[in-house]
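Thanks for coming. I have one model to go through this morning, so please look at the screen.

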Amino acid sequence: MKRIVTLQDISCVGRCSTTVALPVISAMGVECGILPTAVLSTHTMFRHFTCKDLSDQIGPISDSWKKEDLFFDGIYTGYLASVRQCGQVRTFFEQFRTRDNLILVDPAMADNGKLYPAFDRDFPAAMASVCAKADVILPNITEGCLLTGLPYRTEYDSSYITELLQRLLGLGCRTAVLTGVSYEPDRLGIASLDQDGNAFSYFTKKCPQSYHGTGDLYSSTAFGGLMRGLSLGDALSLAADYVVECIEATSRSSEARWYGAEFESQIPWLCRELEQRLEGKG
Ligand code: PXL
């Protein structure tokens, strides 16, 4: 069984970051270690959240893993709490990078044209230096713009997306995947480009509802799929289809949207689809 580690916060309630990555990646048949970067009462879209920064634990934990000769087949980073943590994560990559492992960075820091409330304007440049060391990065369009300096637009065509992907590759990552791409009112999807010029895109129906944490759900599922051996295109499309399943399940229940998408009830669907798509591949 493959072993990965995910570096991101624990938001105790609200279905995002580690409370999404751990169950989803485990359910996909991959051992999921965690390195919590901060503990929050909830994610930062709640009004009264608390946050305990765990930066001082990152060095000692990674040093102890090094002494145990631990290795990871994959490293997945999400929400990081500060500029300092971006530097610590780059050091972690240097310590645990091997010839074969896969580093995926989701630069979770912004949406709908705006940085999340906990960040200063100097944060995107620090996150860009984390993206530079990744195999795969998974920003949304807002994050892509903040990482590259391209002006954010809500109306665009495929040449804007290609320009953004090329600028993201310019940061130094091997493959850039943009989420939340939409060229038609009722279709939403992803577009990717790698350093060899391979392009891929995939679209699903656009659900009218939106829930917090679906970016984390998307990245966790795509990463789990890659770790199980799906091709990049198959992993990205499985993740898109799963997020749609989760959004539809959530819209049938009455929970408030900031409690995230109801991914738990759709885990059996994910496991079935994963195995089928793996068989189709073989
Ligand atoms: O879903 C991304 C995320 C992760 N962790 C924390 C957040 C957010 C988004 O707001 O606040 C703490």
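I will take the sheet, then one acidic residue, then the surface.

This is a predicted model, in which local features need pLDDT of at least 70 and side-chain atom pairs count only at pLDDT 80 or more, while totals for chains, interfaces and linings use all residues. Residues are numbered from 1 along each chain as its sequence is written, and side-chain values use heavy atoms, with hydrogens and water left out.

The sheet, then. Nine strands make an open sheet with mixed pairing, in the order S3-S2-S1-S4-S5-S8-S9-S10-S11. Helices (H or I, at least four residues) and strands (E, at least two) are DSSP runs numbered from the N terminus, and two strands pair if DSSP finds at least two bridges between them. Strands of a sheet pair through backbone hydrogen bonds, either parallel or antiparallel. At the edges stand S3 (51–53) and S11 (199–205); each has a single partner strand, so one side of each has no neighbour in the sheet.

For a parallel case, take S4 (residues 74–77) and S5 (residues 102–105), joined by four bridges. Ile75 has Ile103 in S5 as its bridge partner. For an antiparallel case, S10 (residues 187–194) is joined to S11 by seven bridges. Arg187 is opposite Lys205 in S11. The S10 and S11 hairpin has four residues between the strands, and Gly197 there takes a positive phi near 90 degrees.

Next, Asp216, which is in helix H7 (residues 214–227). What is the nearest side chain of opposite charge to Asp216? That is Arg15, 11 Å away; Asp216 is buried yet has no salt bridge. Buried means under 20% relative accessible area, exposed over 50%, and partly exposed in between, with a 1.4 Å probe and protein chains only. A salt bridge is a side-chain nitrogen of Lys or Arg within 4 Å of a carboxyl oxygen of Asp or Glu. On charge, Lys and Arg count as positive and Asp and Glu as negative; His and the chain ends are not counted. Leaving aside neighbours within four places in sequence, Asp216 is in contact (heavy atoms within 4.5 Å) with residues including Cys16, Tyr76 and Asp106.

Last, the surface. Tyr259 is in the loop between helix H8 (232–252) and helix H9 (267–281), and is partly exposed at 32% relative accessible area. Arg252, in helix H8, counts as exposed at 63%. Arg252 and Glu262 are ten residues apart in sequence, and their C-alpha atoms are 9.9 Å apart.
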